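Colleague: I should be grateful for a close look at a single part of this model, followed outward into its surroundings. Please treat the matter as one connected account.

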Amino acid sequence: MDITELTAVQFAAYTLTSLAEPLPRGFILAGIGAGGMSATFGVDPDADYPQELSAASFHPLAGEDIVLTVVHDHGIEPAAHDAQTVLRRLAGLHFAAIVLSSGDYLMELPGERRTTLAAASASLPAELGRPTELELWAPTRSRDFEPVDPVTDEVDAAALLEPWIHAVVTGRRPDVRLVAEIAAAITDDTSRDRLLLAAVRLGFAELDDASGDRDVLAALLGSRSRPQGGKLTRAALLAQYVAAHTTDSSAAAMLYAIASLLLWSEARARASLHAAETALLHDRSCSLANTAFEVVTKLDYPAWFRG
């Protein structure tokens, strides 16, 4: 599959669903050459773009044809206004196409063809790897149902491992019952550790069920090989999905903290920091949330990423 054959909206869908985090306002530059390099820039939804924004900031993309995707969760019209600002500030880069994004919708200019993020993603060639249900959810974080309370009956952690691992492997969104069960289990130290360690084992080829906790934690903290197959990212998205659909703030904080550590292990620094900050917003007294924040703000990148 030649990636240069993708349409502009397909490029936009492909890059948006690769972020593993919401981008309320900002833009993505995606080179459509053989390298396929991309760069992401975000700002506060209610703030202006900084004056120092310049083409020099994105010098690796100089000389490439670029698809510019401008995101604004307040609507397509504000996104169009931002697009003009970006084009003016980044004069010197070559933009082959522009796509505006707001919520679930994409608009390709100049033809103003409008489609949904899900439809554009579904049209991606299978060999590129179409985004999973959780990856489609990540850019917008819209709720599929009203937040639910954790189940009140005791959760069998061993029985919960199978649907947890299935959701990580497939990227499927959990149903209401599974969300309630995970939210209940995650506040128990033993159950939480079993779910976290199971997810980490999936992400590293050298780990299996016989691997000790020390080996698993060493892999999570970046002293081993590169994570495989994006499974840690999927596990992080699963944790965040459950957190967004539970009424329990303590459970949500724990889930966002777990997501932060998993994303840090994948060297997704910005998404990891966002998850850690969100965990603290839910429960500043959560010890795991504070640990995750210390990890992502004070430790260097994982060893595999530094080379």
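The account that follows begins with one strand and then turns to its partners and to other parts of the chain.

Colleague: Please examine strand β1 closely: how many of its residues are buried, and to which strands is β1 joined by bridges?

Modeller: The model is a predicted one, and the account below should be read in that light. Strand β1 spans residues 25–31. Seven of its seven residues are buried, so β1 is largely enclosed by the rest of the structure. In a regular strand, side chains alternate between the two faces of the sheet. In β1 both faces are covered. Arg25, Phe27, Leu29 and Gly31 are buried on one side, and Gly26, Ile28 and Ala30 are buried on the other.

The pairing of β1 involves two strands. With β3, which comprises residues 65–72, β1 forms seven bridges, and the two run antiparallel. Within this pairing, isoleucine 28 has threonine 69 of β3 as its bridge partner. With β2, residues 38–42, β1 forms five bridges, again in the antiparallel sense. Here glycine 26 is set opposite glycine 42, and leucine 29 is set opposite alanine 39. Strand β2 has one covered face, made up of Ala39 and Phe41, and one uncovered face, made up of Ser38, Thr40 and Gly42. Both faces of β1, by contrast, are covered. The pair formed by glycine 26 and glycine 42 thus joins a buried residue of β1 to a residue on the uncovered face of β2, whereas leucine 29 and alanine 39 join a buried residue of β1 to one on the covered face of β2.

Arginine 25, one of the buried residues of β1, leads to helix α2. Its side chain and that of aspartate 82 are joined by a polar contact of 2.7 Å. Aspartate 82 is located in α2, residues 76–89. Its relative accessibility is 2%, and it therefore counts as buried, the cut-off being under 20%. Apart from neighbours within four places in sequence, aspartate 82 is in contact with Arg25, Tyr49, Val70 and His72. Val70 and His72 fall within the range of β3, residues 65–72, so that aspartate 82 has contacts in β1 as well as in the strand that β1 meets over seven bridges.

The loop that precedes β1 also deserves attention. Alanine 20 lies in this loop, between α1 (8–16) and β1. Most residues other than glycine have a negative phi. Alanine 20, however, has a positive phi of about 65 degrees. At 4% relative accessibility alanine 20 counts as buried. A second alanine with a positive phi, near 65 degrees, is alanine 267. Alanine 267 is found in the loop between α10 and α11 (269–282), and at 13% relative accessibility it counts as buried.

Alanine 20 also takes part in the largest pocket, whose volume is about 690 Å³. Twenty-five residues line this pocket, and Ser18, Leu19, Ala20, Thr233 and Arg268 are those nearest its centre. The elements that contribute two or more residues to the lining are α9 and α11. Of these, α11 gives the most, with three residues. By class, the lining consists of nine nonpolar, eight polar and eight charged residues.

Helix α9, residues 231–244, is also among the helices that pack against the buried residues of α6, together with α5 (157–170), α7 (189–203) and α10 (249–265). Eight of the 10 residues of α6, residues 176–185, are buried, so this helix is largely enclosed by the rest of the structure. The buried residues are Leu178, Val179, Ala180, Glu181, Ile182, Ala183, Ala184 and Ala185. The helix α5 also contains glutamate 162, which at 64% relative accessibility counts as exposed.

Finally, arginine 113 lies in strand β6, residues 113–116. This residue is partly exposed, with a relative accessible area of 43%. Not counting residues up to four places away in sequence, arginine 113 touches Thr7, Val9, Leu106, Met107 and Glu108. Its C-alpha atom is separated by 9.4 Å from that of valine 99, 14 residues away along the chain.

Definitions and conventions. Residues numbered from 1 in each chain as written. Predicted model: local features only at pLDDT ≥ 70, side-chain atom pairs only at ≥ 80, totals over all residues. Heavy atoms only, no water. Buried < 20%, exposed > 50% of the residue type's maximum accessible area, 1.4 Å probe, protein only. Helix = DSSP H or I, 4+ residues; strand = E, 2+ residues; numbered from the N terminus. Contact = heavy atoms within 4.5 Å. 1 Å grid on protein atoms, 1.4 Å probe; cavity = no way out; pocket = protein on both sides within 12 Å on 5 of 7 lines; lining within 4 Å. Points joined across faces, edges and corners; volume = space filled by probe spheres on them. Nonpolar A, V, L, I, M, F, W, Y, C, P; charged D, E, K, R; others polar. Polar contact = N/O pair within 3.5 Å; in protein donor to acceptor, adjacent residues only side chain to side chain. Pairing = 2+ DSSP bridges.
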